[in-house]
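User: I would like a close look at one part of this model, the enclosed space inside it. Please set it in the context of the whole chain before describing its walls.

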Amino acid sequence: MTSKTNSKRKSIVAATGISLLLLFFVFLVLNWLMPFKVNLEFSQVVRASDGKILNAYLTNDDKWRMKVESTELTEELKEAFLFKEDQHFYRHPGVNPLAILRALANNLFFAKRTSGASTITMQLARLLEPRPRTYRSKLVEAFRALQLEWNYSKEEILLYYLSLVPYGGNIEGVKSAAVLFLEKSPELLSTAEIAALTVIPNRPGSLALGKHNDRVVASRDQWLRRYHKAGLFSDELLQDAINEPLKASRKNAPGFAPHFSRRIRKQSNEPNIYTSLDFNKQKEIERIVMQYVEGIRRKRISNAAVLVIDNKSMQVLSYVGSADFYNVLDAGQVDGITAVRSPGSTLKPLLYAMAFDEGLITPKQRLLDVRTDFGDYSPQNFDRVFNGTITAEDALASSLNVPAVRLANKLGLTRYLETLISADFKTIDQQREKLGLSIVLGGCGASLQELVGLYASFANRGRYRDLHWFPEDSLNVERQLLSPSAAFFLNDVLAKLGRPDLPQNFSNSKHLPKVAWKTGTSYGRRDAWSIGFNQNYTVGVWCGNFSAKGVKELTGTDIATPLLFKIFNSIDYDSSADWYLPSEEMKYRWVCSETGLPAGDHCEDQIMDYFVPLVSPNNRCKHLQTVFLSADEKSSYCRSCLPQLGYKEALMPTYPPALITYFERNLISYHRIPPHNPECERIFGGKGPVVISPNAGSEYLIDRSLNDEMLLQSHIPNDVEIVYWYANGRFLQAVQAQERLFFKPIPGKNRVTCVDDKGRRAEAVFTVQYL
């Protein structure tokens, strides 16, 4: 009898096992034939570096469906939902057989539905594939639940469920409800708020938040007591939760940093996008910008944009694309950080730093600031005044145009363009074939983002790095644009500028942050720029109108710079960061104050300047030379005609021809070397210059509408260095021996005279007729 019983038991076990294996096989086949994966579109949520929500966007089917992350799921929130919806969630495979039997028995006994058998996994299956509530639908949901359990972990299933539970209208998920009704992320919900959110999904119509808060509170309190009875909450926590009023109403989705959020959405498909933006800095700078633009609106300036980055991490901390994103009248939705505009003088610092690296200048070296023609291009300073000569550091600090263009011409336009392109100036790369020397003055297109990236390289000892938009951004492209020495040169010069928020002649105060900064104003006063940096931050400011309308008062110094320092004073007040130190390669030397070159034998007025050995100019100053003069100082001698007696020696300055022209045109007195001894056979025995253009005796027909100028050119002996040109009795310019010169003739007879530096002259008379 016992053996028969054992045999029967084994048969039952075997049959059961085979049946289970067969069912499992059938499940695998059906799972393969009818796969079931979660394929949901979630609302994209853009978050600040601290996790706070900056902005959120509807899905394509117009739902607020925000995905709950595991970091947002508190233990209290999880336990409340599990207790209410599925207490055996972690002990079943997606379907709870005991709950199904209990529900079936109750339904048969009471002839109606008294308790549900749906697990959280089955509810998720129904939310993913809505069906009529029938027994057939329940079977399908059960099968789908098994598939979900097969393909996903328990935690993934729970998070999907919490992201889809209904809260009425187009709001789905705990996170959407928390954000849109309570203005909180799920991890910040109180016990009372958690309880309220657990009771709504079963009756989202009759328990609508914001409409039926009293009903929600009554149901909430009922479930709070059940949670307490089950040991989920303590007595004290229960009482506090019941006493807590429900302040829920339908709110707008968060709308901070709209330009930034809109841009970030295009860079990521993730439902929760964590960015580098600093929430508190963003909020404060948005306030400062809006308030500042309200103040300058009376000057017919309607917008501003600001970009702030951390110089150590290169992370974007604040991004304000306009004063008011929602101001349609002033085109507030235009992103002023990516908009391509004329950068004005903001590209000059790079030019001076490159010239320093190339050994063309040192800070105290004097540059020419005189009228200069580059073919048909003749730059002017902003105030239309020339200074004759000026030190390189003062020329940069004063943002003079002519010294910058002359320096760019000497450095080489191609080299300058290549460096800008390597710093990711995309529009300049596209325009490179059309650009000329005017690029130094803003004759090109650039964006605020590109300029801030460039200035951040100045702050990082000449090292350029890409901006980082996300906390874990692994992209880290680096290029050494400048040497640390050249970067220090810029930091030193640009930090000496007088700040508009301090009394005159003050460059800093004890608590205000020290800043190196540069301004720019585009042609026609359409754009005002101010870019500043220190060890901690680089801040870029643009002010103007998105309509490109020019305004007389719109300049970088007067309009953009005050906003720059308002922002620096807000984000970096009382900073302990040290200022930059000279690089190890830099040394100091005495230079002549007249030229900025290493002092020569006759240089008495000397100043200290820093330089880089084997790179910086090393030719000694020769601005003073020994000249032999007659006793009455009316003529000069060379050693060939020097008399034995009756002469004197004197130290006299030598000026470049362009500077002599500047003196002559502006009637500025200077030390002239007297004319050479007319009896000198070595000088005057030879052949003098010959005017070859224009042709003597010829008649020229000129189209008046073309406004053409005529070329002045001469053949001169090899011993001539400087040639002086006159036209119709008026001094024109002193030029180097082979340098070309243009002038505008008068109608009728013209007389041009060429005089070389030996006093020899030649003339040409010709006629001009304008058509």
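Among contacts in the chain between residues at least 6 apart in sequence, what percentage join residues at least 24 apart? And what lines the largest cavity?

Analyst: This is a predicted model, in which local features need pLDDT of at least 70 and side-chain atom pairs count only at pLDDT 80 or more, while totals for chains, interfaces and linings use all residues. Residues are numbered from 1 along each chain as its sequence is written, and side-chain values use heavy atoms, without hydrogens and water.

Of the contacts (heavy atoms within 4.5 Å) between residues at least 6 apart in sequence, 65% join residues at least 24 apart. The C-alpha trace of the chain spans about 150 × 60 × 55 Å along its principal axes, and the chain has 22 helices and 27 strands (DSSP runs of H or I over at least four residues, and of E over at least two).

The structure holds 1 cavity of 30 Å³ or more, a cavity being a set of points on a 1 Å grid where a 1.4 Å probe fits but cannot get out. About 70 Å³ of space lies in the largest cavity, counted as the space filled by probe spheres set on the points.

Its lining, meaning residues with an atom within 4 Å of a point, consists of Leu 712, Gln 713, Ser 714, Val 723, Trp 725, Val 735, Gln 736, Ala 737, Gln 738, Glu 739 and Arg 740. Strands S22 (710–715), S23 (722–727) and S24 (730–736) each supply at least two of these residues, and the largest share, 3 residues, comes from S22. By class, the lining of the largest cavity has 5 nonpolar, 4 polar and 2 charged residues.

Note on methods. On a 1 Å grid over the protein atoms alone, a cavity is a set of points where a 1.4 Å probe fits but cannot get out, and a pocket is an open set with protein on both sides within 12 Å along at least five of seven lines; lining residues have an atom within 4 Å of a point. Ala, Val, Leu, Ile, Met, Phe, Trp, Tyr, Cys and Pro count as nonpolar, Asp, Glu, Lys and Arg as charged, and the others, Gly among them, as polar.
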